[in-house]
There are 2 protein chains.
Amino acid sequence: MVHNQITLFRIERGLSRKDLAAAVGVNPQTIGFLERGTYNPSVELALKLAAVFGVPVDTLFSLNGFPSLATQIAGNANRQKEFEDD
Amino acid sequence: MVHNQITLFRIERGLSRKDLAAAVGVNPQTIGFLERGTYNPSVELALKLAAVFGVPVDTLFSLNGFPSLATQIAGNANRQKEFEDD
DNA sequence: CCATATTATTGTGTTTACGCAACACCCTGA
DNA sequence: TCAGGGTGTTGCGTAAACACAATAATATGG
């Protein structure tokens, strides 16, 4: 089972599923299935989605699921803090 | 068309196709097809392969192909140099 | 209230990812 | 010289990724 964060990134950019579908060249329903976790896209589609959002594939897709947004944001803040503390 | 660097990483680790196939849970022929570029794997398989090699998916798969090894290695050396020059 | 956009769902169809089996070709090592 | 491992290829089967169309539900803005 593959987890993804497509909905989060899409909403943040203010894109509809139709918009995102057009941006990567698939049908809007395909984005719908994807966001609901109903399936496991091709790596080509994953690469295109990652390119649209300007992030690595691993930021969008994961085998083990993603921590909560709070954890992710706070985690990055901590890493940034550690970096500043250097 | 999706390009990949699976053969390079596999050879470097001294793995046969059978070994790699066993590590990610697919048939050896699937690895063969993949390396020959005959197809476009699922993002799940891509994530598993990336996990085996300990690299991001984007290091293994690309929409636009990869530069030559020399370019990649030299490029990283340059970036490292820039980093040291900071 | 009505019009429009977004989304969920369902159904049908094609293509392709992947499993499995078989065979042929090269190497290398006993 | 022969056996065995790695590889390329082909063919058949199944499941799933996607396309496309239609409908309904919700929400939002006029």
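1. Let's start at the bases. In this predicted model, a polar side-chain atom of Gln29(A) sits 2.9 Å from a base nitrogen of DNA strand D. On DNA strand C, a base nitrogen is 3.0 Å from an N or O atom in the side chain of Gln29(B). If you want to look at how the protein reads out to the bases, these two glutamines are a handy place to open the viewer.

2. Next, the backbone of DNA strand D. Asn27(A) uses a backbone N or O atom, which lies 2.6 Å from a phosphate oxygen of DNA strand D. Ser42(A) approaches with its side chain instead: a polar atom there lies 3.1 Å from a phosphate oxygen of DNA strand D. Helix 3 (28-35) of chain A and helix 3 (28-35) of chain B are the elements that give two or more residues to the surface near this strand.

3. Which residues come nearest to DNA strand D? Out of 16 residues around the strand, they are Asn27(A), Gln29(A), Thr30(A), Tyr39(A) and Arg17(B). On the DNA side, sugar and phosphate make up 71% of the strand D atoms that come within 4 Å of the protein. By class, the protein surface near strand D holds five nonpolar, eight polar and three charged residues.

4. Now DNA strand C, which also has 16 residues around it. Here Arg10(A), Arg17(A), Asn27(B), Thr30(B) and Tyr39(B) come nearest. Sugar and phosphate account for 72% of the strand C atoms within 4 Å of the protein. The surface near strand C divides into five nonpolar, eight polar and three charged residues, and helix 3 of chain A and helix 3 of chain B each supply at least two of its residues.

5. Two phosphate contacts on DNA strand C are worth a click. A backbone N or O atom of Asn27(B) lies 2.8 Å from a phosphate oxygen. A side-chain N or O atom of Arg10(A) is 2.9 Å from a phosphate oxygen of the strand.

6. Arg10(A) has a protein partner as well. Glu35(A) forms a salt bridge with Arg10(A), with the closest N and O atoms 2.5 Å apart. Because Glu35(A) lies in helix 3 of chain A and Arg10(A) in helix 1 (residues 6-12), the pair ties together parts that are 25 residues apart in sequence. Is this pair buried or exposed? Both Glu35(A) and Arg10(A) are buried.

7. In chain B, Glu35(B) forms a salt bridge with Arg17(B), the closest N and O atoms being 3.0 Å apart. This pair links distant parts of the chain, with Glu35(B) in helix 3, Arg17(B) in helix 2 (residues 17-24), and their positions 18 residues apart. Glu35(B) is buried, at a relative accessible area of 14%, while Arg17(B) is partly exposed at 30%. Back in chain A, salt bridges with shared partners join Arg10(A), Arg17(A) and Glu35(A) into one network.

8. A local pair sits in helix 4 of chain A. Lys48(A) and Glu44(A) form a salt bridge with closest N and O atoms 3.7 Å apart. Both lie in helix 4 (residues 43-53) of chain A, four residues apart, or about one turn of the helix. An α-helix has 3.6 residues a turn, so residues three or four places apart point the same way. Lys48(A) is partly exposed, with a relative accessible area of 29%. Over all chains, the whole structure has eight salt bridges.

9. How many salt bridges run between chain B and chain A? The count is zero, although six residue pairs are in polar contact. Here 16 residues of chain B are in contact with 16 residues of chain A. The two chains bury about 1300 Å² between them, 67% of it on carbon and sulfur atoms. Val43(B), Leu47(B) and Leu63(B) supply 40% of the area that chain B buries against chain A, more than any other three residues.

10. Helix 4 of chain B gives the largest share, five residues, of the side that touches chain A. That side divides into 10 nonpolar, three polar and three charged residues. Helix 4 (residues 43-53) of chain B is mostly covered, with eight of its 11 residues buried; among them are Val43(B), Leu47(B) and Phe53(B). Just after the helix, Gly54(B) takes a positive phi of about 70°.

Key: Residues are numbered from 1 along each chain as its sequence is written. Chains are lettered from A and ligands numbered from 1 in the order in which they are written. This is a predicted model: local features need pLDDT of at least 70, side-chain atom pairs count only at pLDDT 80 or more; totals for chains, interfaces and linings use all residues. Side-chain values use heavy atoms; hydrogens and water are left out. Buried means under 20% relative accessible area, exposed over 50%, partly exposed in between (1.4 Å probe, protein chains only). Contact means heavy atoms within 4.5 Å. Buried area is the accessible area (1.4 Å probe) that two parts lose on being put together, summed over both. A salt bridge is a side-chain nitrogen of Lys or Arg within 4 Å of a carboxyl oxygen of Asp or Glu. A polar contact is a pair of N or O atoms within 3.5 Å; within protein, one must be able to donate a hydrogen and the other to accept it, and residues adjacent in sequence count only if both atoms are side-chain atoms. Ala, Val, Leu, Ile, Met, Phe, Trp, Tyr, Cys and Pro count as nonpolar, Asp, Glu, Lys and Arg as charged, and the others, Gly among them, as polar. A residue is near a molecule or strand if one of its heavy atoms lies within 4 Å of it.
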